[in-house]
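Please open the structure in your viewer and keep the selection tool at hand. The tour below proceeds stop by stop, naming what to select and what is found there.

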Amino acid sequence: MPGTPPQTTSDAPSGAGFLGPDRNWHLGAGLMTLATVVAFTIWSFSHTGTDVNAFLLVLAIAFGLFMAFNIGGNDVANSFGTSVGAGTLTMKQALVVAAVFEVSGAILAGGSVTETVRSGIVDIDGMHMDPLSFAYIMMAALLGAAVWLLLATRMGWPVSTTHALIGGIVGAAVTTGAVTGTGGFEMVQWGEIGQIAISWVLSPLLGGIAAYLLFGAIKRHILAPAARAIALGSRGFDDSEDDDEDEDEDEDEQSRHVPGYERVSELQQSAFAESAALDLTPGSPGAELAEQASHLSKKERKSARKVERRAAYHALEKRVPPLAAGAAVLLAAMLVFKGLKNVGLDLTLGSGVLLLAMLAMAVWMATTVFARALKKQSISRATFIMFSWMQVFTACAFAFSHGANDIANAIGPFVAVLDVLRTGAIGEEAAVPAAALVAFGIALVSGLWFVGRKVIHTVGSGLTAMHPSSGFAAELAAATIVLLASVLGLPVSSTHILIGAVLGVGIVNHAANWKLMRPIFLAWIITLPAAAGIGAVVVLVLRAVF
């Protein structure tokens, strides 16, 4: 929650008793998921008709919802990792935000039509297969991708769900072609696979560069004055104690040599950590400033601190509003381009620019008023609160866009199978029922709650320490690159972009965990072949059973 200090996450709630202190949340999420599965199964049978193969339909429902569940545990958790790691949102608050915005994105902008063969990686049309063989391929791809996502999630590795699904389709299709004699590896569009390989490097590189530049500018121009004001405090606290008159000269002499960072609270330590100028590593500029401050008289320190406090509040009032306005425009453009393209909005270029300009002006004015209201707060708390609220909005925008787009990784193949079972033929495209969007959206949220904690820990604190301003910078940088890549048609992964952005923040803070990045990068590489192998086995089992 904005204004509260960072909180840590764990894979399981601590405490004794049945299901721990979060028992009611566990039971609520479990019952919601169970009710969704039952209701959606009943709806699916009414949608396909009574003459459908019941066992095959139940398996398709299970595979599809299991895939959505694991997308929530990995991809959605990846998106909320920076917010939870920064202390902007608690795990429960992230669950509520995800429930509202992920499901809303899926329902409002999840798309009314999906292509049956959505990846274009394998030439399935050239195989001239029967409809049931096609259904087996899609089901095997769902389970292959879901199983690999679950394994990666349990290890805390954020991976691309799109790449996992592509791997499942490749493995299942090639195996089916080999078994039936209708094709083999020549069906694979290797150029597309090459683009995926390029994205392993291009995505994190672009995200890292964008976050490095953005967060570096935020630190230099907004955070540094606040951190310097704290360092110049007589006892390391950012409050009004320096404005009080000395009651005793001896007390002034004693405080003269107290280091400015000796008794800093947890919240103020966050401010130190987020300012390159106040890096307190021995020999760094921040350590030198703190050492110099410890030798100043209280009067000298008070005078210098007033200058820095004025500069800090000036930065909040004059520099944060245009940053927030620019962020609002970028996020709105991402939502329109990536999230709301299926709603049917028919905006001309002029009307779109006008709407974005109105939004920018409204956000600019609102943020300015908010910054002025925070002048009654200590500078460290004002900075924390300001960036916390800004990060809340970036998290909500990410959740909506994610629900609108990445849910297709689960619902696309499932709806293709559902259409085959209902019509007995392979259609070029199939309508996505609203019931499926709701059910799969709820499965996303359930996966976030039950298995998403390790990925959240990796993104939120494992790769580097996160604070509201650094989390905001990482999310905004990732959104910017996702938008630009979409416009330019670059082969990128939103998951990989965000991980690169987190590392970019870590580089600015000289605290990137490259040791943890090695297994994550290896997981990116083996995602496609691992999902392909599982998909190949599953399709053989399905063909043997049915």
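Begin by selecting F40, W43, F414 and F440, which ring pairs link into a cluster. The model is a predicted one, and nine aromatic pairs are present in it. One of them is found by selecting Y136 and F546: the ring centres lie 6.1 Å apart and the planes meet at 25°, so this pair counts as stacked. Y136 belongs to helix α4 (residues 131–155), whereas F546 is in the segment after α19, so the pair ties together parts that are 410 residues apart in sequence. Y136 is buried, because its relative accessibility is 6%. F546, at 30% relative accessibility, counts as partly exposed.

Another aromatic ring has a charged partner. Select W449 and R453: the charged end of R453 sits over the ring of W449, 4.3 Å from the ring centre.

Next, display helix α14, residues 408–423. Does the distance between its ends agree or disagree with the span expected of its 16 residues? At 1.5 Å a residue the helix should span 22 Å, and the end C-alpha atoms are 21 Å apart, which agrees. Of the 16 residues in α14, 14 are buried, so the helix is mostly covered. G424 follows α14 and has a positive phi, near 75°.

Within α14, select D419 and R422. Their side chains meet in a salt bridge, at 3.3 Å from N to O. Both residues lie in this helix, three residues apart, about one turn. An α-helix has 3.6 residues a turn, so residues three or four places apart point the same way. D419 is buried, since its relative accessible area is 13%, while R422 is partly exposed at 41% relative accessibility.

By the rule applied here, the model has five salt bridges. Side chains of opposite charge can pair when their charged atoms come close. For a further example, select E317 and R372, which form a salt bridge whose closest N and O atoms are 2.9 Å apart. The pair links distant parts of the chain, with E317 in helix α10 (residues 298–318) and R372 in helix α12 (residues 349–373), 55 residues apart.

Keep E317 selected and add K375. The side chains of these two residues also meet in a salt bridge, 3.1 Å from N to O. K375 lies in the loop between α12 and α13 (379–405), 58 residues from E317 in helix α10, and this pair too links distant parts of the chain. Is E317 buried or exposed? E317 counts as buried, because its relative accessibility is 12%. Its partners differ in this respect: R372 is partly exposed, with a relative accessible area of 47%, and K375 is partly exposed at 45% relative accessibility. Now add K318 to the selection; salt bridges that share partners join E317, K318, R372 and K375 into one network.

For the last stop, switch to a surface view. Select V201, L205, I209, Y212, L213, I507, W514, F521, L522, I525 and I526, which form a nonpolar patch on the surface. Together these residues have about 990 Å² of accessible area. Which helices each supply at least two residues of the patch? They are α6 (190–231) and α19 (514–545). Finally, select F521 alone, which lies in helix α19. At 31% relative accessibility, F521 counts as partly exposed.

How values were computed:
Residues are numbered from 1 along each chain as its sequence is written. This is a predicted model: local features need pLDDT of at least 70, side-chain atom pairs count only at pLDDT 80 or more; totals for chains, interfaces and linings use all residues. Side-chain values use heavy atoms; hydrogens and water are left out. Helices (H or I, at least four residues) and strands (E, at least two) are DSSP runs, numbered from the N terminus. The expected span of a helix is 1.5 Å times one less than its number of residues. Buried means under 20% relative accessible area, exposed over 50%, partly exposed in between (1.4 Å probe, protein chains only). Patches are made of residues with over 30% relative accessible area and no salt bridge: like charges are joined within 9 Å, nonpolar side chains (Val, Leu, Ile, Met, Phe, Trp, Tyr) within 5 Å. Accessible areas come from the Shrake-Rupley method with a 1.4 Å probe; for residues, only the protein chains shown count as cover. A salt bridge is a side-chain nitrogen of Lys or Arg within 4 Å of a carboxyl oxygen of Asp or Glu. Rings of Phe, Tyr and Trp (its six-membered ring) pair if their centres lie within 6.5 Å; planes under 30 degrees apart count as stacked, over 60 as edge-to-face and the rest as tilted. A charge sits over a ring if NZ of Lys or CZ of Arg is within 6 Å of the ring centre and within 35 degrees of the ring normal.
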